[in-house]
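Please find below some notes for discussion, set out as numbered points. They deal with helix packing and with the positions annotated in a database record.

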Amino acid sequence: MTDHPKRAVILLSGGLDSATCLAIARDMGFETYALSVAYGQRHAAELAAAGRVAASLGAREHRVASVELGQFGGSALTDDKIPVPVEGSTDGIPVTYVPARNTVMLSIALAWAEVLGANDIFVGVNAVDYSGYPDCRPEFIAAFETMANLATKAGVEGTRLRIHAPLIALSKADIIRRGSALGVDYGQTVSCYQADDAGHACGRCDACRLRRAGFEVAGLPDPTRYA
């Protein structure tokens, strides 16, 4: 009887960070299962990008789960009445923060991981070059892992579930260098908060600025398609 490869669920938004996460999980020897979430975000371009990235990086399966966080609003990414800031970072948590988004997404990933018999979940959160979101901090990831092991059949029966956040302490430039070395085609990814339907980036929002600066510091050409 042959051993099955170890499995991991990777949250894949279609952006730069999550694509790098998928490449890292593959490099670690995991059979990767990519999970994207349609949560009512402004555009579907990033979900299309996620499909391209999952295929190019050899995900065993790619699924898109739907949960309508947009019905609650409260974020510039889910409510068209709240403009996406283009004037630079401000103090405090920005309006692009989506309430409970990472908690919800990790919970869905946890459900699929249990069904797959996967003990590992990867998420591309970052606490260095990021926008100040509370659900991107190491404390949150540690707390969620503790909860996951208390709340699941697998955890209760003695299987240790692990939440991997391999990018959490890396700069954007370091993330880009790491992904490039692992063969990530960043031209397939979409990071912009208000990309058009074809995936062209605005070049002005916080996500675009962080991404562009990351390529500059990394000394690599920026393959982003700007509007």
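Is the crossing of helix 3 and helix 4 left-handed or right-handed?

1. The crossing of helix 3 and helix 4 is right-handed. This, like everything that follows, is read from a predicted model. Helix 3 covers residues 101-116 and helix 4 covers residues 138-151; the two pack at an angle of about 35 degrees, and their axes are 12 Å apart. From helix 3, the contact draws on Asn102, Thr103, Leu106, Ser107 and Leu110, and from helix 4 on Phe140, Ile141, Phe144 and Ala148. Sorted by class, these residues are 6 nonpolar and 3 polar, with no charged residues.

2. Helix 6 (residues 172-181) packs against helix 7 (residues 206-218) at an angle of about 65 degrees, and 8 Å separates their axes. An angle in the range 65 to 115 degrees counts as roughly perpendicular, and helix 6 and helix 7 are therefore described as roughly perpendicular to each other. Their crossing is right-handed. On the helix 6 side the contact involves Lys172, Ala173, Ile176 and Arg177, which meet Leu210, Arg211, Gly214, Phe215, Val217 and Ala218 of helix 7. The contact of helix 6 with helix 7 comprises 6 nonpolar residues, 1 polar residue and 3 charged residues.

3. Helix 6 also packs with helix 1, here at an angle of about 45 degrees and with the axes 9 Å apart. That angle makes helix 1 oblique to helix 6. The crossing of helix 1 and helix 6 is left-handed. Leu16, Asp17, Thr20 and Ile24 of helix 1 meet Lys172, Ile175, Ile176, Arg178 and Gly179 of helix 6. By class, the contact of helix 1 with helix 6 contains 4 nonpolar, 2 polar and 3 charged residues.

4. An unreviewed UniProt entry lists Leu12, Ser13, Gly14, Gly15, Leu16, Asp17, Ser18, Ala19, Thr20, Cys21 and Leu22 under "binding site". Of these, Leu12, Ser13, Gly15, Leu16, Asp17 and Ser18 are included in the lining of the largest cavity. Ser13 sits in the loop that runs between strand 1 (7-11) and helix 1 (16-27). Leu16, Asp17 and Thr20 are also among the helix 1 residues that meet helix 6.

5. The unreviewed UniProt entry also gives Cys192, Cys202, Cys205 and Cys208 as "binding site". These cysteines span 17 residues in sequence, yet no two of their C-alpha atoms are more than 7.2 Å apart, so they gather at one spot. Cys192 is included in the lining of the largest cavity.

6. Where do Cys202 and Cys208 lie? Cys202 is in the loop between helix 6 and helix 7, and Cys208 is in helix 7. Leaving aside residues up to four places away in sequence, Cys202 touches Cys192, Gln194, Cys208 and Tyr226. Cys192 and Cys208, two of these partners, are themselves listed in the record with Cys202.

Terms used:
Residues numbered from 1 in each chain as written. Predicted model: local features only at pLDDT ≥ 70, side-chain atom pairs only at ≥ 80, totals over all residues. Heavy atoms only, no water. Axes fitted to C-alpha atoms, helices over the stretch in contact; angles between N-to-C directions. Helix = DSSP H or I, 4+ residues; strand = E, 2+ residues; numbered from the N terminus. Parallel < 35°, antiparallel > 145°, perpendicular 65-115°, else oblique. Left-handed = near helix turned anticlockwise from the far one by under 90°. Contact = heavy atoms within 4.5 Å. Nonpolar A, V, L, I, M, F, W, Y, C, P; charged D, E, K, R; others polar. UniProt positions renumbered as here; feature names shortened; annotations may be inferred. 1 Å grid on protein atoms, 1.4 Å probe; cavity = no way out; pocket = protein on both sides within 12 Å on 5 of 7 lines; lining within 4 Å.
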